[in-house]
Amino acid sequence: MKRIFICLTLAFTLNSCNLLSAAGLTSGGQPTKEAPEKLTSTTANSAENIDHSAWDALLKKHVDANGMVNYKGFKTDRSKLDAYLKQLSGYKPSNDWSVQELLAYYINLYNAYTVALILNNYPVKSIKAINGAWTKGIVPVGNKELSLGGIENGVLRKMNEPRIHFAINCASVSCPKLLNEAYTAGKINEQLERATKEFVNSDKNDISVNSPKVSSIFDWYKKDFITDKTPTVADYINQYSKTKINSGATISYKDYDWNLNEQ
């Protein structure tokens, strides 16, 4: 069941589910602190306070307000990106880090290494054209080699913070946009809230009162959005949506556009 669930949840076109189930989709020993129900932004009470300013500068320079990426521009700054990746990979996250620092670290780690993956294979029309994009161990952290799928499913999804789904970016048109600023512990709650509101109310969803058609993200990761507070996907969406979905409305899901999110 676990293997089937992962295959359905990721919803990626791979050669076989056996490949996916055998891949490094676990935490790789990384800490997975659960976020509190009411997350606050703070740099306090953490063994590490990471400087993400290098990534912030690159994002401001090469990502527009709509989250579209200038990969050609990123290539000209590849040495700066590589220096930031080396910085991130040099850390050994632990439970002595605050949940805020861990969230910001793993979100930035995922997004920065996804950009690097695209650059390593550029020009490419879709991340899905890259063999093992989510399953290969391409992200060194301490003495571990994590996969992008491992960071998402083995670490971030276990931190009890469903808004991470709108913060990580898989380099595709239908993905939540890549924020053109780095996530930081000091702003993490406000950034996650902004990312979620913007995505829910964007053209990635067609939200109506009685016949909403929403992103497949809400289908693939449905269990992450359903809680005692939000017993249905509609309840979760209604927390952020300008248009409120009626109770009992049938939700359908949009096809996902995997084309590269390139300017």
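**Exercise 1.** How many of the 8 residues of helix α7 (residues 148-155) are buried?

*Solution.* The model is a predicted one. Take the cut-off: buried means under 20% relative accessible area. Apply it along the helix. Leu-148, Gly-149, Gly-150 and Ile-151 are buried, and so are Glu-152, Asn-153, Gly-154 and Val-155. That gives 8 of 8, so α7 is largely enclosed by the rest of the structure.

**Exercise 2.** Find the enclosed space in the model and describe its lining.

*Solution.* Start with the count: there is 1 cavity of 30 Å³ or more. The largest cavity holds about 150 Å³ of space. Its lining has 15 residues, and the closest to the centre are Glu-152, Cys-170, Cys-175, Tyr-221 and Tyr-256. Next, sort the lining by class. It divides into 12 nonpolar, 2 polar and 1 charged. Finally, link back to Exercise 1: Glu-152 is one of the buried residues of α7.

**Exercise 3.** Test the length of helix α5 (residues 78-89) against the expected span, then work out how the helix is oriented.

*Solution.* First, the length. With 12 residues at 1.5 Å a residue, α5 should span 16 Å. The end C-alpha atoms of α5 are 16 Å apart, which agrees. Second, the buried set. Leu-81, Tyr-84, Leu-85, Leu-88 and Ser-89 are buried in α5. Viewed down the helix axis, these buried residues fall within an arc of 135 degrees, so they line one face of α5. Third, the other side. Ser-79, Lys-80 and Lys-86 are exposed, on the face turned away from the buried side. Last, the cover. The buried residues of α5 are covered by elements including α3 (53-62), α4 (71-76), α6 (99-120) and β1 (139-141).

**Exercise 4.** Characterise the second largest pocket, then place Asn-66 within the chain.

*Solution.* Begin with volume: the second largest pocket has about 200 Å³. Then list part of the lining. Among the lining residues are Ala-65, Asn-66, Phe-166, Lys-177, Glu-198, Phe-199, Asp-203 and Lys-204. By class, the lining has 6 nonpolar, 2 polar and 4 charged residues. Now locate Asn-66. Asn-66 sits in the loop between α3 and α4.

**Exercise 5.** Is Asn-66 buried or exposed, and what distance separates its C-alpha atom from that of Lys-177?

*Solution.* Use the cut-off: exposed means over 50% relative accessible area. Asn-66 has 59%, so Asn-66 is exposed. Then take the pair. Asn-66 and Lys-177 are 111 residues apart along the chain, yet their C-alpha atoms are separated by 6.6 Å. Both residues line the second largest pocket.

Technical notes. Residues are numbered from 1 along each chain as its sequence is written. This is a predicted model: local features need pLDDT of at least 70, side-chain atom pairs count only at pLDDT 80 or more; totals for chains, interfaces and linings use all residues. Side-chain values use heavy atoms; hydrogens and water are left out. Helices (H or I, at least four residues) and strands (E, at least two) are DSSP runs, numbered from the N terminus. The expected span of a helix is 1.5 Å times one less than its number of residues. Buried means under 20% relative accessible area, exposed over 50%, partly exposed in between (1.4 Å probe, protein chains only). The arc is that of the directions from the helix axis to the C-beta atoms. Contact means heavy atoms within 4.5 Å. On a 1 Å grid over the protein atoms alone, a cavity is a set of points where a 1.4 Å probe fits but cannot get out, and a pocket is an open set with protein on both sides within 12 Å along at least five of seven lines; lining residues have an atom within 4 Å of a point. Grid points are joined across faces, edges and corners, and a volume is the space filled by probe spheres set on the points. Ala, Val, Leu, Ile, Met, Phe, Trp, Tyr, Cys and Pro count as nonpolar, Asp, Glu, Lys and Arg as charged, and the others, Gly among them, as polar.
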